[in-house]
Amino acid sequence: MRCTLISLSLLSGTLAARPFLDEPDTGFDMFFSNLATGQLAPLDQLVGLPDFEAAAKRYLPIANYTYYRNGAAGEWSFRNNLEVFYRYPLRPRTMVDTSNVQSTLPTTILGYNFSAPFFITSAARAGLGNPAAERGLVEAAAAENILYVPSLYATLSIPEIASYKAPSQVTFQQAYLDPSNDTATKLVFDQAKAAGSKAIVFTVDAPAEGNRQRADRYDASEAVLPFTAITWDYYDHLKTLTDLPIILKGIQTVEEAQAAVAHGVPAVYLSNHGGRQVDGSRSPLEVAIEIRAQAPEVFTQTEVYADGGVRYGGDVVKLLALGVRAVGIGRPFMYANVYGTEGVTRAVQLLKREVALDAANAGVADLKNIDPSYVIWKQSCALD
Ligand SMILES: Cc1cc2nc3c(=O)[nH]c(=O)nc-3n(C[C@H](O)[C@H](O)[C@H](O)COP(=O)(O)O)c2cc1C
Ligand SMILES: *[C@@H]1O[C@H](CO)[C@@H](O)[C@H](O)[C@H]1NC(C)=O
Ligand SMILES: *[C@@H]1O[C@H](CO)[C@@H](O)[C@H](O)[C@H]1NC(C)=O
Ligand SMILES: *[C@@H]1O[C@H](CO)[C@@H](O)[C@H](O)[C@H]1NC(C)=O
């Protein structure tokens, strides 16, 4: 059999020849040409996730916008997270009855039922986008029945966020932890538990402050984190401090995903922190491909989540095809939260519709039975 070699170096060479499209031109500027700086575009005229960034960028003070937009250093990882999806095309099928695909959007995450295989992930400081801060995120998650994972560095406290939860709404709590202070760690775990959180999402990809040059210009950087000793021994120790499941967020290699399975993690969360920690780190899509190629059993041994650069329904479809169970989305929901609960709700609804449309047009009848053959993820004989 002849195999066509997709040369990634060749492809990325081609990509390097044209400018990065921070805002792909789908007509926003032309349509909203009368919108003055500092004005907010009408919510019902926004048609997709990237519109929320375009709208927020024109409305928010530059320092506020920059805090959300920021990536590390030269922002290669930030850009790659967005562009990488186009280096791994879909392989759509036809002659498949996809008319019921919408009914296959609901899924379980750690055993909890949700209406979609994507969730609102942890981003600090919603107060920079809206005076009601995290309220819009938690309320929209309830209204649309999707998972929300509040950040430990939220503008509101853990109990304040919990006060806006709907009865029986399931949330997980993100945490940064200090291995030299179990008292502080216990406090976070106990607060999360008291607030009804069903899991801890421990972020392990930020053992030091990110090198964030764009943010430094506007004094919009993160709270200064100390250098932190996060190890497997520490993870094993953490399990003695709470009975909540502890998910690891920020796994970036196949061998660490395997080690996580060996340490009994309830879920592995692939992430490069939206390109905000170490520039040069790969997109979670590339890490999912590495796992698919070298240890596909990981996808059945534990639940795998991923985030970074997801903006369209097709991006979600590709990650699910590789074996990811649920996809996190950071910046777009922070931009949508400029409009509060209504804005985040609309963003969720738009993405749900896109996931269903893109799955149907790719010939996916059932999102829960999608398989890797829907994405060209390796040098492929299928192209012959
Ligand atoms: C403004 C901002 C703040 C963030 N704060 C946190 C945080 O407090 N904890 C964390 O684990 N990740 C944090 N992240 C990373 C996100 O959880 C997520 O990994 C990333 O935003 C996904 O990429 P996306 O923005 O392209 O969807 C933050 C990201 C952004 C954009
Ligand atoms: C989740 O959904 C399944 C199937 O629809 C149902 O049987 C189960 O009771 C639900 N679980 C919860 C906790 O609602
Ligand atoms: C911008 O951020 C500041 C906090 O630094 C906040 O007080 C203000 O409300 C934000 N602006 C908007 C429009 O949300
Ligand atoms: C540990 O954390 C607790 C609770 O936040 C704090 O009161 C205490 O000062 C911390 N201890 C050290 C040594 O930093």
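Tutor: A residue is near a molecule if one of its heavy atoms lies within 4 Å of it, and that cut-off underlies what follows about this predicted model.

Student: Which residues come nearest to ligand 1, of the 22 residues around it?
Tutor: In this predicted model, 22 residues surround ligand 1. Those that come nearest to the ligand are Ser 122, Ser 151, Thr 203, Asp 307 and Gly 330.

Student: What is the distance from an oxygen atom of ligand 1 to a polar backbone atom of Gly 330?
Tutor: Gly 330 is among the residues that come nearest to ligand 1, and the atom concerned belongs to the backbone of Gly 330. For Arg 331, a polar backbone atom is 2.9 Å from an oxygen atom of the ligand, while for Arg 311 an N or O atom in the side chain is 2.9 Å from an oxygen atom of the ligand. For Gly 330, the distance asked for is 2.8 Å.

Student: Which residue around ligand 3 has a polar side-chain atom 2.4 Å from an oxygen atom of that ligand?
Tutor: The residues around ligand 3 are Leu 60, Pro 61, Asn 64, Leu 128, Gly 129 and Asn 130. Leu 128 places a backbone N or O atom 3.5 Å from an oxygen atom of ligand 3. The residue whose polar side-chain atom lies at 2.4 Å is Asn 64.

Student: Why are helices H11 and H12 described as roughly perpendicular to each other?
Tutor: H11, residues 254–262, packs against H12, residues 284–294, with the two axes 9 Å apart. Angles of 65 to 115 degrees count as roughly perpendicular, and H11 and H12 are therefore given that description. The angle between H11 and H12 is about 70 degrees.

Student: How many residues of the contact of H11 with H12 are charged?
Tutor: From H11, the residues Val 254, Glu 255 and Ala 257 meet Glu 290, Ile 291 and Gln 294 of H12. These contact residues divide into 3 nonpolar and 1 polar, and the number of charged residues is 2.

Student: Is the crossing of H14 with H16 left-handed or right-handed?
Tutor: H14, residues 313–322, and H16, residues 341–361, pack at an angle of about 65 degrees, with their axes 7 Å apart. Their contact is made by Gly 313, Gly 314, Val 316 and Val 317 of H14 together with Leu 351, Glu 354, Val 355, Asp 358 and Ala 359 of H16, and the residues divide into 5 nonpolar, 2 polar and 2 charged. The crossing in which H14 passes H16 is right-handed.

Methods:
Residues are numbered from 1 along each chain as its sequence is written. Chains are lettered from A and ligands numbered from 1 in the order in which they are written. This is a predicted model: local features need pLDDT of at least 70, side-chain atom pairs count only at pLDDT 80 or more; totals for chains, interfaces and linings use all residues. Side-chain values use heavy atoms; hydrogens and water are left out. Axes are lines fitted to C-alpha atoms, for helices over the stretch in contact, and angles run from 0 to 180 degrees between N-to-C directions. Helices (H or I, at least four residues) and strands (E, at least two) are DSSP runs, numbered from the N terminus. Angles under 35 degrees count as roughly parallel, over 145 as roughly antiparallel, 65 to 115 as roughly perpendicular and the rest as oblique. Contact means heavy atoms within 4.5 Å. Ala, Val, Leu, Ile, Met, Phe, Trp, Tyr, Cys and Pro count as nonpolar, Asp, Glu, Lys and Arg as charged, and the others, Gly among them, as polar. A crossing is left-handed if the near helix is turned anticlockwise from the far one by less than a right angle, and right-handed if clockwise. A polar contact is a pair of N or O atoms within 3.5 Å; within protein, one must be able to donate a hydrogen and the other to accept it, and residues adjacent in sequence count only if both atoms are side-chain atoms.
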